[in-house]
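I opened the coordinates this morning and kept notes as I went. The entries follow in the order I looked things up.

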Amino acid sequence: MAYATTNPYTGETVKTFDTATPEEINQAINSTDAAFREWSQTPIEDRAALLSRAAEILRANKRDYAETLTLEMGKLIAEAEAEVELSAAILDYYAKFGAQHLAPRYLRAEGFGDQDVALVNDPLGVLYAVEPWNFPYYQVIRISAPQTLAGNTILLKHASNVPQSALRMVELFRQAGFPDGVLTNIFASHEASEQILADPRVRGVALTGSEGAGGAIASIAGKNLKKSTLELGGADAFVVLEDAEVEKAAKWAAFGRHWNAGQVCVSSKRIIVVDAVYDRFLAEYKKHVAEFVAGDPMDPATTLAPLSSQTAADDVLKQVEAARAEGATVEAIGAEVPEQGAFVRPMLITNIPEGSETSQAEFFGPISQVYRAKDEDDAVRIANDTPFGLGGSVFSTDIERARKIARRIDTGMVFINQPTGVKADIPFGGVKRSGYGHELIDLGIKEFVNEKVVVVTDIDGSF
Ligand code: NAP
């Protein structure tokens, strides 16, 4: 795919970029590897100081950074500003806590003193990061902040529709004072992943994206015996029990399903409501969804953004038609949307046949699937009837009951009484077809370090 900025609101292509040649990719690996040699030897406090500086730059230029996001993938300007803030918070988190996450761990081993057997965390080298367009800064920072703090360097292949966001991340690192090559952008083709992952200097790959991309990258990584982490799609269950605050749940569900125009991996995509409160919930939910106002994402009055591209909008509409063909009930529940721009009018899908493709699919847009569950057990059954396992929610006023249900849902993250959250200090990761591995906190930083064993023995002693 060619790299280009196409404004999803106007449909205008404003800038295009050439795809990197194999020689250019080799040069990019050269410079990212050369940077690693120096960077990995830089004191961790100095690395942390640069992360803090990058956070300051982001915050000081929040609107300017946000506008690039809205231009390239159409998100609401307020959501773009929130993404800039979140990215700064992740940088700050690792500046503050990264060193302690990497501190050596001393093991109790028989016959050795307290500090004789250590697990130290050494950086690996160049990491390949393949990232999606839906959170163009957050996704880059989620991998770059921990891994550069750990001493690794990053070769970034961003989504082809957000090339300027990719360049802004590189510019941010440069302005903050990171040496050249610590974060290197390449406008790589899909095929280039073969070259990149076959290169012995590249030590691992982190991908966030679709199942297709995850499978492709993981198999190339496997063939080359490289570590991979995959953050893939999701179809989060949003379970509403009979003792929930129904109005609150409906409001959160409407937000959880429609922020970022519904293009969020951890969006409340399958809303599962027990029979006792189903009708009340649905009436409230429809009322909230009808209030969304689609329009110019730069206008603060707009509350529903266009999708990231016309192709994305067409794909979602095709999925809706497929749901109808499978026998599900489809109903428009949002207000009319403008003709100009990659908009999709919010729709509700109910009566979804069990075992249908619709029941197993991820809808990446403002489309709500709502299920009626007989009771709590039935809600858990429906929640688990998905190939995905990323996030999920349980709404109940009985927190202990909600906690127990959270443990029964086969997923990576469960939030009680709110949609799946995205925070700088809460880890992120899924199971099943949502991928493997974690990002954020100590779990994320440890994904790409060499947890090396260093043993001290007394030369006169015996093993
Ligand atoms: P996508 O097509 O998989 O794109 C993601 C990235 O992978 C892009 O940089 C893309 O490059 C690249 N890519 C795609 N196929 C590739 C291949 N065969 N070889 C090498 N690179 C490849 O994802 P999307 O559909 O745009 O994004 C939405 C998906 O990401 C959804 O499923 C969503 O749930 C998931 N997501 C997951 C998380 C999470 O943390 N779990 C977060 C956000 C999004 P091009 O742009 O050049 O094709």
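**Entry 1: T358**

I began at T358, which sits in helix α12, residues 357-360. I noted that the model is a predicted one. Is T358 buried or exposed? I found T358 buried, at a relative accessible area of 4%. That value falls under the 20% cut-off for burial.

Next I listed the contacts of T358, leaving out neighbours within four places in sequence. I got A322, A323, E326, I349, I352, F363 and Q369. I then checked where some of these sit. A322 and A323 fall within helix α11, which spans residues 310-325. I349 belongs to strand β13, residues 347-350.

**Entry 2: N351**

I moved to the loop between β13 and α12, where N351 is placed. I read a phi near 50° for N351. That is a positive value in a residue other than glycine. I also looked up accessibility, and N351 is exposed at 56%.

**Entry 3: L225**

I wanted to look at another positive phi. L225 has one, near 55°, and L225 is not a glycine either. Where does L225 lie? I placed L225 in the loop between α8 (211-223) and β9 (227-231). L225 counts as exposed, with 77% relative accessibility.

**Entry 4: E321**

I went back to helix α11, residues 310-325, for E321. E321 comes out as partly exposed, at 42% relative accessibility. I then took a C-alpha to C-alpha distance from E321 to V246 and got 30 Å. The two residues are 75 apart in sequence.

**Entry 5: S393**

I turned to strand β16, residues 392-395, which holds S393. S393 is buried, with a relative accessible area of 1%. Which backbone oxygen lies 2.9 Å from a polar atom of the S393 side chain? I traced that oxygen to Q418.

I also wrote down the contacts of S393, again without neighbours within four places in sequence. A237, F238 and V239 are on the list. So are V414, F415, Q418, P419 and T420. Q418 therefore turns up both as a contact and as the owner of the oxygen, a pair that fits the 3.5 Å limit for a polar contact.

**Entry 6: L155**

I looked into strand β6 next, where L155 is found. The strand covers residues 153-157. L155 counts as buried, at 0% relative accessibility.

What does L155 touch, beyond residues up to four places away in sequence? I recorded A28, I29 and T32. I added V126, L127, Y128 and A129. T184, I186 and I196 complete the entry for L155. I also checked L155 against V202: their C-alpha atoms are 8.8 Å apart, with their positions 47 residues apart in sequence.

**Entry 7: A150**

I stepped back along the chain to A150, in the loop between α5 (138-149) and β6 (153-157). Is this loop residue, A150, buried or exposed? A150 is buried, with a relative accessible area of 2%.

I looked up what A150 touches, not counting residues up to four places away in sequence. I wrote down R47, L102, P123, I445 and V449. I also took the C-alpha separation of A150 and Y285, which is 45 Å. Those two residues lie 135 apart along the chain.

**Entry 8: the whole chain**

I closed with the protein chain as a whole. I counted 15 helices and 20 strands. The radius of gyration is 23 Å, close to the 23 Å that the globule rule gives for 463 residues, so the chain is as compact as a globular protein of that length. I fitted the C-alpha atoms into a box of roughly 75 × 55 × 40 Å along the principal axes.

Buried residues make up 56% of the 463. I also checked contacts with a separation of 6 or more, and 73% of them join residues 24 or more positions apart.

The chain exposes about 19,200 Å², and carbon and sulfur atoms supply 51% of that area. Last, I looked at charge. I have 44 positive and 65 negative charges, and their mean positions are 2 Å apart.

Technical notes. Residues numbered from 1 in each chain as written. Predicted model: local features only at pLDDT ≥ 70, side-chain atom pairs only at ≥ 80, totals over all residues. Heavy atoms only, no water. Helix = DSSP H or I, 4+ residues; strand = E, 2+ residues; numbered from the N terminus. Buried < 20%, exposed > 50% of the residue type's maximum accessible area, 1.4 Å probe, protein only. Contact = heavy atoms within 4.5 Å. Polar contact = N/O pair within 3.5 Å; in protein donor to acceptor, adjacent residues only side chain to side chain. Rg over C-alpha atoms; globule rule 2.2 N^0.38 Å. Areas by Shrake-Rupley, 256 points an atom, 1.4 Å probe, with all protein chains shown as cover. Lys, Arg positive; Asp, Glu negative; His and termini not counted. Charge placed at Lys NZ, Arg CZ, Asp CG, Glu CD.
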